[in-house]
Amino acid sequence: MKFNYYQIVNKINGKKYIGITDREPLTRFAEHKRALRNHNHVNYKLQKDWVDYGEENFDFEKMIEETINNVQTLVITEEKEDNFKDLL
């Protein structure tokens, strides 16, 4: 199974939202944009910044693509996600 790490970056203040998906990253980003445009994104901090700074001040970037072959690899992947969150 393939997973993609991605980030949504606020170009004004440098804040980042980091996510992981098993779908195509651009498809996932479109879902984020739809929720943000409708003012109902689950991450209230990202939603507030989207409203305050405007859509044009956000970039979407694919970070890492990984293929998961077993449960042990999945645990390691989850640990990497936690490490990404620590960078924020």
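**A look around helix α2**

Let's start with Q47, which sits in helix α2. Keep in mind as we go that this is a predicted model.

Is Q47 buried or exposed? Its relative accessibility comes out at 9%, and because buried means under 20%, Q47 counts as buried. So who are its partners, once we skip the neighbours within four places in sequence? Q47 then touches A35, L36, H39, N40 and H41. Take L36 from that group: it is 11 residues away from Q47 along the chain, yet the two C-alpha atoms are separated by 5.9 Å. H41 is worth a click too, since a polar atom of the Q47 side chain lies 3.1 Å from the backbone nitrogen of H41.

Now for the empty space. Rolling a probe the size of a water molecule over the atoms shows where such space is left. Here, the largest pocket holds about 200 Å³. Its lining is made up of I8, N10, K15, K16, Y17, N43, K45, L46, D49 and F58. The elements that supply two or more residues to that lining are β1 (2-10), β2 (16-21) and α2 (44-53). Which element gives the most? That would be α2, with three residues, and α2 is also where we found Q47.

What sort of residues face this pocket? Sorted by character, the lining has four nonpolar, two polar and four charged residues.

To pull it together, helix α2 carries the buried Q47, and α2 also makes the biggest contribution to the lining of the largest pocket.

Definitions and conventions: Residues numbered from 1 in each chain as written. Predicted model: local features only at pLDDT ≥ 70, side-chain atom pairs only at ≥ 80, totals over all residues. Heavy atoms only, no water. 1 Å grid on protein atoms, 1.4 Å probe; cavity = no way out; pocket = protein on both sides within 12 Å on 5 of 7 lines; lining within 4 Å. Points joined across faces, edges and corners; volume = space filled by probe spheres on them. Helix = DSSP H or I, 4+ residues; strand = E, 2+ residues; numbered from the N terminus. Nonpolar A, V, L, I, M, F, W, Y, C, P; charged D, E, K, R; others polar. Buried < 20%, exposed > 50% of the residue type's maximum accessible area, 1.4 Å probe, protein only. Contact = heavy atoms within 4.5 Å. Polar contact = N/O pair within 3.5 Å; in protein donor to acceptor, adjacent residues only side chain to side chain.
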